[in-house]
Amino acid sequence: MEIKRVTLYHVVMRLKSPFETSYGKTVDRHCLLVKVEERSGEVGWGESPVDEGPWYSYETISTAMHVLRDYVVPWLLEKRFVEGPGGFLRLSQRARGHRMAKAGVEMALWDLRAKLEGKPLYRLIGGTKNRVDCGISIGIIGDEQRLLKAVAEFLSRGYKRIKIKVKPGWDTRPVELIRREYGEIPLQVDANAAYSLETSRPLRELDKHNLLMIEQPLDYDDLHDHAVLQSRLKTPVCLDESIKSLHDAKTALRLGSCRVINIKPARVGGLIETRLIHDYAQEMGVPVWIGGMLETGIGRAFLVAAATLENVRYPSDIGESSRYWEEDVVEPPWTLEGNGTMRVPERSGIGVDVLEERIERSTRAKILLG
Ligand code: MG
């Protein structure tokens with residue numbers, strides 16, 4: 001592939017309703033969209049779902065723009081010819097970390113390669129399913145009746161499991177309420193690193209509620225304390241923030257820090273690392289699923305493709321476009337089929353049309369390189 005030009009878009013889109021986690025509330029979603037153009041005129045799209053501030057990750061919209069504009073993209077353009085996403089990853093290794101920034105370009109190159117080969121993205125990465133199971137993630141809703149109403153709505157939409165965000169002071173009570181009202185539905189919680197071993201008593205309480213898993217209960221960087229906690233819980237611990245690479249996944253499974261892994265393709269640097277973690281977990285008999293980051297319809301396409309991998313054994317955090325946006329930036333928008341699944345596009349590339357004029361309308365800054 002001969003890369004001619006790369007365009008970076010800092011996009012800001014208002015969520016239909018604010019999304020709250022243990023680290024704060026998101027009203028406007030910032031992200032970085034990446035368009036790569038090939039000499040032939042074919043284009044590929046990718047997304048770095050970085051936040052405005054360093055909450056979920058140290059990476060922000062500003063750091064991602066900086067690393068891509070000043071280093072990684074110039075390296076790519078200087079080389080011009082890359083054999084694909086793998087070649088890009090090798091040349092981008094000169095810059096340490098910044099996996100979410102690099103993932104935006106890596107994914108755009110996957111889309112481009114799939115289009116050039118005339119294949120759907122999921123097949124190119126070795127996916128085996130033509131439908132993926134979808135779960136929903138519900139932010140912290142301090143009001144009990146509103147929470148129960150939200151759960152009822154998503155169950156009626158067909159989502160195959162409910163996940164709620166928890167934090168100290170909002171953990172056992174919402175789970176008890178949901179269990180009382182809706183019985184043994186597939187249910188899990190996500191703490192986004194809000195507890196420590198010292199404050200983990202509510203997690204031991206949650207152990208009684210037959211949850212599918214407890215996601216990232218302890219520090220975002222920790223593997224050791226999670227192993228201690230997992231040894232005390234019968235509920236599987238699932239790691240999200242702590243797993244940024246295959247190396248982290250190997251260490252976590254050797255230590256016994258978790259029994260499930262949530263792979264977010266952007267968090268680990270793209271689809272190549274996603275595959276490596278997926279394959280290793282499969283070898284070790286550990287199930288994975290695909291997590292979301294409030295992506296636009298572009299980033300969502302990569303979640304859908306990743307969720308077609310064989311060892312994705314739980315429903316993934318892949319909501320419909322209409323759950324997040326009044327208007328998504330792709331056509332058709334992502335929708336659920338009645339049974340809580342999403343159909344995987346068979347068209348080449350990411351399988352949806354990118355609506356550039358909608359992107360332009362939400363663009364706060366645009367950088368053309370090349
Ligand atoms: Mg999570």
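In the predicted model, 4 aromatic pairs are present. One of them joins phenylalanine 154 and tyrosine 159, whose ring centres lie 5.7 Å apart; because the ring planes meet at 75 degrees, the pair is edge-to-face. The assignment follows from the cut-off for this class, which requires planes over 60 degrees apart. Both partners are withdrawn from the surface by the accessibility criterion: phenylalanine 154 is buried, at 13% relative accessible area, and tyrosine 159 is likewise buried, at 4%. Another pair is formed by tyrosine 324 and tryptophan 325, with ring centres 6.3 Å apart and planes at 45 degrees, so this pair is tilted. Tyrosine 324 is buried, with a relative accessible area of 9%, and tryptophan 325 is also buried, with a value of 3%.

Aromatic rings also take part in arrangements with charged side chains. Arginine 161 is placed over the face of tryptophan 289, at a distance of 5.0 Å from the ring centre. In a further case, the ring of tyrosine 280 has the charged end of lysine 250 over it, 5.7 Å from the ring centre.

A magnesium ion is bound through the protein donors Asp190 (OD), Glu215 (OE) and Asp240 (OD), which lie 2.1 to 2.3 Å from the ion. The spacing of these donor residues along the sequence is D-x24-E-x24-D. Distant parts of the chain are linked in this way: aspartate 190 belongs to strand β6 (residues 187-190), glutamate 215 belongs to strand β7 (residues 214-215), and the two residues are 25 residues apart. Aspartate 190 is buried, with a relative accessible area of 0%, and glutamate 215 is buried with a value of 0% as well.

Glutamine 216 is found in the loop between β7 and α8 (224-232). The phi angle of glutamine 216 is near 35 degrees, a positive value in a residue other than glycine. Glutamine 216 is also buried, at 0% relative accessibility. A positive phi, near 55 degrees, occurs at leucine 294, again a residue other than glycine. Leucine 294 lies in the loop between β10 (288-290) and α11 (297-306), where the residue is buried, with a relative accessible area of 13%. A further backbone feature concerns the peptide bond from glutamate 331 to proline 332, which is cis, with omega near -5 degrees. Proline 332 is located in the loop between β12 (330-331) and β13 (341-343).

The loop between β10 and α11 also contains glutamate 295. At 3% relative accessibility, glutamate 295 is buried. A polar atom of the glutamate 295 side chain lies 2.6 Å from the backbone nitrogen of methionine 293. When neighbours within four places in sequence are set aside, the contacts of glutamate 295 are Glu47, Pro49, Arg300, Leu303 and Trp325. Among these residues is the tryptophan that forms the tilted aromatic pair with tyrosine 324. Glutamate 295 is separated from lysine 102 by 193 residues in sequence and by 16 Å in space, C-alpha to C-alpha.

Terms used:
Residues numbered from 1 in each chain as written. Predicted model: local features only at pLDDT ≥ 70, side-chain atom pairs only at ≥ 80, totals over all residues. Heavy atoms only, no water. Phe/Tyr/Trp six-rings, centres within 6.5 Å; stacked < 30°, edge-to-face > 60°. Buried < 20%, exposed > 50% of the residue type's maximum accessible area, 1.4 Å probe, protein only. Lys NZ or Arg CZ within 6 Å of the ring centre and 35° of its normal. Donors = N, O, S within 2.8 Å, 3.2 Å for Na, K, Ca; no water. Helix = DSSP H or I, 4+ residues; strand = E, 2+ residues; numbered from the N terminus. Contact = heavy atoms within 4.5 Å. Polar contact = N/O pair within 3.5 Å; in protein donor to acceptor, adjacent residues only side chain to side chain.
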